[in-house]
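Subject: Structure for your review

Dear colleague,

Please find the structure below, handed over for your further work. A summary of what was found in it follows.

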Amino acid sequence: MVLARLHESVRPSTYFEIGTLRGETLKLAKCKSIAVDPKFRIASDVIGAKPCCLFFQTTSDDFFRDRDPAAIFGAPIDFAFIDGLHLFEYALRDFANTERHCRPNSVIVLHDCVPADRWMAERVYTDECRRRSTFPDRWAGDVWKILPALKKYRPDLKIAVVDAEPTGLVLITRLDPQSNVLSDNYDGIVQEFSGLDITKYGIARHQDDCAMISTRALARAADVAKLLGR
Ligand SMILES: C[S@@+](CC[C@H](N)C(=O)[O-])C[C@H]1O[C@@H](n2cnc3c(N)ncnc32)[C@H](O)[C@@H]1O
């Protein structure tokens, strides 16, 4: 599992997660952790060996309005996983808000940015058309747009996309916690990309743009480190 390899490779002292649900991804962290979700559904031991784990049952926007994760940790975020509301504008805000609390060589991972078909990329979670998807239980929404948006507005980031099934994982490093590019241009970026439709853009074209790396090439923690240039 790529996320497990990432934990082995990054060896974070601080882990920050947006979108936790039952805590399957939170379980992988062994360090100080913060989890944010408006509705946790945790029914197993997700704390494990963590020295501390804070749960904020709120939206990511409200969390960032009221809290400073680096101040809570007493150190910047080393590793973040963003898997909250699967709408482009939310993912964009989550990324920009998280980056502000990272170090340049921290790693931010985004989920669900490479939909397998157009039906899972539907913006409306309750839309009946989602049943036509090969993965009717998975909703990727339109967070895929964050990739062309970051490519255009943040060419300084190092971005790698892994073909983890079914909707890929995006690994981002070479961060700039001081950057205001996304927040200063937020309204324009949302407007520019809101009209983009995966059917017109093309699933295959998006997958080509991603130049995905096979999960098989990341069998060892050292492979992940090499990929991220760490
Ligand atoms: C796909 S699930 C997360 C799964 C988890 N990361 C895992 O793999 O085990 C998405 C989660 O995002 C949460 N969510 C929805 N809106 C959110 C928001 N505005 N801020 C933060 N989390 C949100 C949902 O409550 C849900 O638990």
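Helix H4 is mostly covered, with 9 of its 12 residues buried. Please note that the model is a predicted one. The buried positions in H4 are Phe88, Tyr90, Ala91, Leu92, Arg93, Asp94, Phe95, Thr98 and Glu99. The helix runs over residues 88-99, and at 1.5 Å a residue it should span 16 Å; its end C-alpha atoms are 16 Å apart, so the expected span and the model agree.

Several H4 residues recur in the contacts of isoleucine 146. Leaving aside neighbours within four places in sequence, isoleucine 146 is in contact with Phe88, Ala91, Leu92 and Phe95, and also with Leu110 and Cys113. Isoleucine 146 also appears in the largest nonpolar core, which has 57 residues. The residues with the most contacts inside that core are Ala80, Ala91, Ile108, Val109, Leu110, Ile146 and Val170.

Strand E2 may also be of interest. All 5 of the 5 residues in this strand, residues 32-36, are buried, and E2 is therefore largely enclosed by the rest of the structure. Both of its faces are covered: Lys32, Ile34 and Val36 are buried on one side, and Ser33 and Ala35 on the other.

E2 pairs with two strands. Strand E1 (residues 14-18) runs parallel to E2 and is joined to it by 5 bridges; here, tyrosine 15 stands opposite serine 33. Strand E3 (residues 53-56) is likewise parallel to E2, with 4 bridges between them. In that pairing, the partner of isoleucine 34 is leucine 54 in E3.

As for the ligand, 17 residues surround it, and the closest are Gly19, Leu21, Glu24, Gly84 and Leu85. By class, this shell has 6 nonpolar, 6 polar and 5 charged residues.

One further position concerns the loop between helix H6 (181-184) and helix H7 (186-194), where asparagine 185 is found. Is asparagine 185 buried or partly exposed? It has 13 other C-beta atoms within 10 Å, and because a residue needs 20 or more to be buried and 12 or fewer to be exposed, asparagine 185 is partly exposed. Asparagine 185 lies 32 residues from tyrosine 153 in sequence, and the two are 8.9 Å apart in space, C-alpha to C-alpha.

With kind regards

Key:
Residues are numbered from 1 along each chain as its sequence is written. This is a predicted model: local features need pLDDT of at least 70, side-chain atom pairs count only at pLDDT 80 or more; totals for chains, interfaces and linings use all residues. A residue is near a molecule or strand if its C-beta atom, placed from the backbone, lies within 6 Å of it. Ala, Val, Leu, Ile, Met, Phe, Trp, Tyr, Cys and Pro count as nonpolar, Asp, Glu, Lys and Arg as charged, and the others, Gly among them, as polar. A nonpolar core is a set of buried Ala, Val, Leu, Ile, Met, Phe, Trp, Tyr and Cys residues joined through C-beta atoms within 7 Å. Two residues are in contact if their C-beta atoms, placed from the backbone, lie within 7 Å. Two strands pair if DSSP finds at least two bridges between them. The expected span of a helix is 1.5 Å times one less than its number of residues.
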